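Here are a few notes to read alongside the model, set out as numbered points. I hope they help you find your way around.

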Amino acid sequence: MRIFGYKPTASAWIGIAIVGIFVFAAIFAPWIAPYGEADSVSDTWSPASADFWLGTDNIGRDLLSRVIYGARTTIGVALVTTILSFALGTTMGLLAAVSSKAVDQALSRIVDVMLSIPLLVFALMILSMFGSSLGTLVLTIAVLDSTRVFRLARSVAINIVVLDYVEVARLRGERLPWIIRREILPNAMPPMISEFGLRFCFNFLFVAGLSFLGLGIQPPLADWGGMVRDNARAIGFGLPAPIWPALAIALMTIGVNLIVDWILSINARPSGASAEM
Amino acid sequence: MAEAVLKLTDLRIESIHGVVLVDNISLELKRGEVLGLIGESGAGKSTIGLGSMVYARAGCRITGGKVEIDGESVRDLSADGRRDLRGKRIAYIAQSAAASFNPAYRIIDQVCEMPVKHGLMSKAEARAWAVELFKALDLPDPEKFGNRYPHQASGGQLQRAMTAMAMSCRPDILVFDEPTTALDVTTQIEVLALIKKLIHNYNTAALYITHDLAVVAQVADRIMVLRHGKMVELGDTKQILLAPKTDYARALVSERKAADKLSVEAEAAHGEPLLNVQNVIGQYEHFIAVKNVSISVAKGETVAVVGESGSGKSSLARLIVGLLPRRSGSVRFGGKELPPALKQRSKDELRRIQFIYQQPDIALNPRQTIGEVIGRPIAFYFNHPAAEVKQRVAQLLTQVGLPEDYAKRLTTALSGGQKQRVCIARALAAEPDLIICDEPTSALDQLVAEDILKLVKKLQDELGVAYLFITHDLGIVRRIAHRTAVMLRGEMVDQGPTPKIFSPPFHPYTERLLSSVPEMRTEWLDEILTQRARKAV
């Protein structure tokens with residue numbers, strides 16, 4: 001089978017399978033989850049059984065159902081965040097690359113200032129000031145993450161802007177948005193696409209991390225980071241409850257990374273190795 | 001000395017996709033002999049050059065044949081054995097010397113590296129030998145020249161330093177891959193003369209790869225004509241130049257000869273003035289690139305601007321279109337003053353001047369179809385509906401000699417010459433009065449370039465468009481320009497009708513430029529050098 005005209009490698013197939021399963025679970029959560037997202041159905045931390053395949057959590061909710069619903073929120077929030085961050089970062093990055101030196105300098109220095117503050121500290125500050133509603137959370141991470149996207153988009157575009165076909169468009173009298181959209185963006189896409197996968201991973205981990213600290217997605221919504229936190233104390237009793245959401249986080253990250261590796265290898269594939277050196 | 005020092009037998013090189021790049025080439029090279037390899041790009045010249053060191057570029061494989069150096073079969077050696085041979089017995093000199101030096105090290109360190117690494121000389125010996133080579137290659141201040149970094153030397157000097165680097169191990173065989181192609185004509189002469197002297201003095205065998213017959217005529221004893229990886233003809237230099245046996249070699253020779261002839265129809269067709277540039281000064285941040293230049297172009301006229309690289313001819317073009325801000329002077333177009341900056345110009349002012357670039361590869365967006373590329377100016381300037389744009393695109397494609405159904409193809413699916421035709425069609429789509437051509441043929445092969453020039457000329461006859469033609473190639477100027485302007489270091493040193501510029505009395509710089517263009521005679525280089533030496537005395 002081929003995807004976009006390229007044959008996935010074995011590891012890429014593993015990644016596609018993992019991500020596919022989680023995305024499927026996220027989309028069809030209400031139909032496949034055996035119990036409701038917030039329903040307390042049994043005792044605290046009851047062990048795995050035929051009724052509760054992964055056991056129950058700290059207030060007796062079915063862990064399997066929570067993991068399935070958690071895919072929805074965690075992946076959903078990370079995806080929306082990454083899309084927003086790319087929309088913002090790419091637009092600004094390309095704008096900086098084609099605009100005058102002053103605009104470029106202004107944008108780049110603002111980004112530098114933001115990059116100089118540790119991401120987590122910055123996020124904690126904003127979220128504790130404005131409260132962690134889903135909207136604030138998504139917006140905060142998106143804006144912070146877009147600074148990294150900006151860097152890449154600008155450096156990719158700077159190499160395209162100097163090419164003659166961009167100059168042709170300028171000489172023709174084309175406006176800036178047209179030049180960005182039609183001449184530069186299509187040629188900047190390949191590296192941006194693989195970066196999208198990587199940034200998705202980071203954002204996904206970041207959302208989980210914030211939830212673990214209690215500033216991310218708020219209960220009763222299920223999310224993997226928050227689930228690890230809720231069940232963290234179970235470790236003390238030798239119970240496996242926090243393992244499952246943690247495993248989901250790890251698997252999802254690995255899965256996306258495997259796919260990204262494959263996409264990167266297509267982009268950077270040499271025309272062939274030298275046989276006789 | 002009948003024994004061949006380098007012997008290739010049925011050398012075959014294929015790409016990893018199975019395309020045959022070099023098809024059973026055999027050649028022998030004796031000590032002190034120079035064999036010229038000539039052909040267009042894609043003929044397999046460089047691949048043979050590298051193949052003679054049993055080196056294949058990424059994506060290529062040597063699949064058959066024998067390579068012998070002094071009777072020793074190189075393909076049978078281990079990778080280490082081959083590495084030991086390279087540099088020591090056979091050395092390679094690339095086209096772009098600037099790209100072959102590491103900018104972070106001094107030149108002397110890079111020249112001395114090889115003999116020391118190969119264990120042939122001590123550091124001090126290598127240094128002394130390098131200085132001797134610098135002296136032989138006429139580099140300024142040979143004792144101290146090596147202390148410079150690559151960016152502190154000019155292109156011609158670097159090319160000579162690279163030759164010194166190749167000579168550092170006193171190899172038996174040198175492979176020159178277009179060593180003068182990137183140089184200006186006036187510099188090319190010096191480098192050619194020195195290469196010739198060096199080969200002669202040290203009795204080295206050499207493969208000389210080039211696309212220019214006139215250049216190879218000066219240095220080679222024998223010439224091999226190549227096409228599509230196959231040998232077309234092999235013979236003595238004189239025989240190839242004067243009496244080529246095959247049709248392809250004949251075509252190459254006659255095209256090159258045509259370049260030397262003065263066109264008859266290039267008479268001043270001075271009509272109504274279209275572009276009038278008066279005393280402009282153009283400046284990059286701290287560097288004045290165009291100094292007080294005036295030039296005019298009439299309707300339907302071709303004006304050529306010639307000069308070496310760095311003479312400011314491209315800057316002048318950029319100043320006219322508004323990419324380089326002018327500090328003073330005026331640019332009038334169609335009787336109206338043009339604002340200095342691009343942004344201040346109206347859509348119609350922009351439409352009437354179009355630009356054609358040197359490298360069609362980067363002048364076309366690789367993610368657009370040819371229909372989009374040519375259609376955009378039509379839609380942009382004239383607001384035609386989609387159906388009409390499509391029709392006009394088809395018409396333009398036919399006009400530049402491409403099939404109509406190319407409109408659906410991506411620009412990357414074309415050859416260099418075809419791409420340049422698309423660029424011309426794009427310029428024509430705006431229905432301009434003036435097209436500025438910035439070296440439009442210098443990135444193309446000789447025969448392809450010839451076709452493009454014919455097309456450019458034909459379009460002028462049909463549409464009456466005027467050209468400002470920027471080039472360093474005097475052969476082109478002679479054939480297509482009604483008037484010619486010569487630039488040197490940002491100034492215009494000579495200007496007038498082409499026949500007048502190209503006949504005595506010459507301006508001294510024009511004469512120097514003219515006499516530096518290699519001619520298709522084997523004695524040319526020696527003659528010109530003695531002539532110059534006499535003048536200098």
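1. Let us start with a hairpin in chain B: β11(B) and β12(B) form it, with four residues between the two strands. Their pairing is antiparallel and runs over seven bridges. If you would like a residue pair to look for, Q283(B) stands opposite I288(B) in β12(B). Please keep in mind throughout that this is a predicted model.

2. On to the other partner of β11(B). Strand β11 of chain B, residues 273-283, is joined by six bridges to strand β14 of chain B, residues 326-333, and the two run antiparallel. Here the pair to look for is I281(B), which stands opposite S328(B) in β14(B).

3. What is the order of the strands in the open sheet of chain B? The four strands follow the order β12-β11-β14-β15, and the pairing is antiparallel. At the edges are β12 (288-298) and β15 (336-337) of chain B, each of which pairs on one side only. The hairpin of β11(B) and β12(B) from my opening point thus has an edge strand, β12(B), as one of its arms.

4. A helix goes with this sheet. Helix α12 of chain B, residues 313-321, lies across β11, β12 and β14 of chain B. Its direction is at about 70 degrees to β12(B).

5. A word on the domains. Chain B is divided into domain 1, covering 90-170, and domain 2, covering 273-516. Taken over C-alpha atoms, the centres of these two domains of chain B are separated by 39 Å.

6. Further along chain B, have a look at α15(B) and helix α16 of chain B, residues 386-399. The axes of these two helices come within 9 Å and cross at roughly 120 degrees. Angles over 145 degrees count as roughly antiparallel and 65 to 115 as roughly perpendicular, with the remainder above 35 called oblique; α15(B) and α16(B) are therefore oblique to each other. The crossing of α15(B) past α16(B) is right-handed.

7. Which residues make that contact between α15(B) and α16(B)? From α15(B) come G371(B), I374(B), G375(B), I378(B) and A379(B), and they meet V389(B), R392(B), V393(B) and L396(B) of α16(B). By class, the residues of this contact divide into six nonpolar, two polar and one charged.

8. Now for chain A, whose secondary structure comes to 10 helices and zero strands. The C-alpha trace of chain A spans about 70 × 55 × 35 Å along its principal axes.

9. One helix pair in chain A deserves a visit. Helix α3 of chain A (residues 63-98) packs against helix α6 of chain A (residues 134-161) at an angle of about 40 degrees, and their axes are 5 Å apart. That angle makes α3(A) oblique to α6(A). As in the pair from chain B, the crossing is right-handed: α3(A) passes α6(A) in that sense. The residues of the contact of α3(A) with α6(A) comprise 21 nonpolar, six polar and two charged.

10. Finally, how many residues of each chain take part where the two chains touch? In chain B there are 24, in contact with 19 residues of chain A. On the side of chain B, at least two residues each are supplied by β4 (60-69), α13 (347-352), α14 (360-363) and α15 (370-382). This side of chain B divides into 17 nonpolar, three polar and four charged residues. So that you can tie the points together: α15(B) both touches chain A and crosses α16(B).

Definitions and conventions
Residues numbered from 1 in each chain as written. Chains lettered and ligands numbered in written order. Predicted model: local features only at pLDDT ≥ 70, side-chain atom pairs only at ≥ 80, totals over all residues. Pairing = 2+ DSSP bridges. Contact = placed C-beta atoms within 7 Å. Axes fitted to C-alpha atoms, helices over the stretch in contact; angles between N-to-C directions. Domains from an automatic or database assignment. Left-handed = near helix turned anticlockwise from the far one by under 90°. Nonpolar A, V, L, I, M, F, W, Y, C, P; charged D, E, K, R; others polar.
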